[in-house]
Amino acid sequence: MKNVVAAALCCALATKVYAVTEPMPAIQAPLASKSLLLDIHQIEQGQLVAVGERGHVLLSTDGENWRQQAVPVQSTLTAVTFADEDHGWAVGYDATILATTDGGATWTIQQYLPEKQKPLLDIVFKDQNNGVAIGAYGLFYRTTDGGKNWTEEFHSEFLPEEDIEYLNELKMEDEEAYLDERGSILPHFNKMVMDGRTSYLVGEIGLIAKSNDFGQSWEQFDPIYEGSFFDIERTQQGNLLAAGLRGNVFRSLRNGTPWQHIQTDSTALINDIVLTDDDRLLLLGNGGALLVSEDDGQKFVAWSQPDGKALIAGVWFNNRLVAVSEDGVRTITIAK
């Protein structure tokens, strides 16, 4: 299995063996805030939530002191989001989807499918009812009722015409083989971002796409490089920034065309893009990589962390970066 600290966790999970089919509650761990954590979200002005391995969900009001919450699964959780201060969702391994209606204090299972042997890697809600969860090998689920029901979608628009023809032929010949092939033919979907009425999706094999109907249909951008992307964000000045493997960062002044390759002088996998309140851009990466831009992403200066621990996701909170990493939460002050 590839390095688990990569935010997208784009790994060959088909080899994982599932001996347990019923979920087991997460164990209360005194050092949960020092464990592998994979996402962090600011629920409201004074509340943070972080998620990670073994079903860990942590809450904090200051970014320093964290309280582990009771969670009904031990599956590694990869992403968390909230539609408002009360209603939130988390996703992870075993195609798990959890929900909370009390600001993260308690969680319930909406979906748990270990037989899928695939992780969900991100989740987005545009309101309390309408949400999308995405993951490895094109895993894609949609809800229109707050997660009471989740419907799986297969987005063939990400396949070349010859692959679509191949699947259609296989379906007529061998239904079981067709379903098996369909489950692994799409690229990993790593991150989905809402930008007003437009949604952006990034993933494996240079995938960047946009949708104007909340992911019901997608328009793919022309390829700009062959490696995976792990995040895409609209900058404070209204431009697009996409980041991925080997320090690759691309910037667009025209919503995706053309893309300019930005020199970062880094070969680290970039996991996350963080926008600060003082108009800076932060790139968080493996090997302790932390890159800072004060000119809307035209150039970056290294603030890399000396311990070399992967920085996986972060938020700008109380004028500091609060990041989750392979060894827990850390707060970083970045002077101008």
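Colleague: Why is Asp174 called partly exposed?

Modeller: In this predicted model, Asp174 has a relative accessible area of 35%, and since buried means under 20% and exposed means over 50%, with partly exposed in between, Asp174 is called partly exposed. The residue is placed in the loop between helix 1 and helix 2.

Colleague: What makes Asp174 a candidate for a patch, and which residues gather with Asp174 in the patch of negative charge on the surface?

Modeller: Patches are made of residues with over 30% relative accessible area and no salt bridge, and Asp174, at 35%, belongs to the negative patch together with Glu161, Glu162, Glu165, Glu169, Glu173, Glu175, Glu176 and Asp180. Two or more residues are given to this patch by helix 1 (161-173) and by helix 2 (175-182), and the largest share, five residues, comes from helix 1.

Colleague: How do you know whether Thr76 is buried or exposed?

Modeller: The relative accessibility of Thr76 is 15%, and because buried means under 20%, Thr76 counts as buried. Thr76 lies in the loop between strand 4 (67-68) and strand 5 (77-82), where, leaving aside neighbours within four places in sequence, Thr76 is in contact with Leu38, Gly52, Glu53, Arg54, Gly55, Gly92 and Tyr93.

Colleague: Why does Gly247 count as buried, and what does Gly247 contact?

Modeller: With 4% relative accessibility, set against the limit of under 20%, Gly247 counts as buried. Gly247 sits in the loop between strand 18 (240-244) and strand 19 (249-252), and, apart from neighbours within four places in sequence, Gly247 is in contact with Thr264, Ser266, Thr267, Ala268 and Ile270. The C-alpha atoms of Gly247 and Leu269 are separated by 5.7 Å, although these residues are 22 residues apart along the chain.

Colleague: What makes the phi of Ala95 worth a remark?

Modeller: Most residues other than glycine have a negative phi. Ala95, however, has a phi near 50°, a positive value in a residue other than glycine. Ala95 is found in the loop between strand 6 (88-92) and strand 7 (96-100), and because its relative accessibility is 0%, under the 20% limit, Ala95 counts as buried.

Colleague: What is the phi of Asp296, and why is Asp296 called buried?

Modeller: Asp296 has a positive phi of about 65° although it is not a glycine, and its place is the loop between strand 23 (290-293) and strand 24 (301-302). At 3% relative accessibility, a value under 20%, Asp296 counts as buried.

Conventions
Residues are numbered from 1 along each chain as its sequence is written. This is a predicted model: local features need pLDDT of at least 70, side-chain atom pairs count only at pLDDT 80 or more; totals for chains, interfaces and linings use all residues. Side-chain values use heavy atoms; hydrogens and water are left out. Helices (H or I, at least four residues) and strands (E, at least two) are DSSP runs, numbered from the N terminus. Buried means under 20% relative accessible area, exposed over 50%, partly exposed in between (1.4 Å probe, protein chains only). Contact means heavy atoms within 4.5 Å. Patches are made of residues with over 30% relative accessible area and no salt bridge: like charges are joined within 9 Å, nonpolar side chains (Val, Leu, Ile, Met, Phe, Trp, Tyr) within 5 Å. Accessible areas come from the Shrake-Rupley method with a 1.4 Å probe; for residues, only the protein chains shown count as cover. A salt bridge is a side-chain nitrogen of Lys or Arg within 4 Å of a carboxyl oxygen of Asp or Glu. Lys and Arg count as positive and Asp and Glu as negative; His and the chain ends are not counted. The place of a charge is taken as NZ of Lys, CZ of Arg, CG of Asp or CD of Glu.
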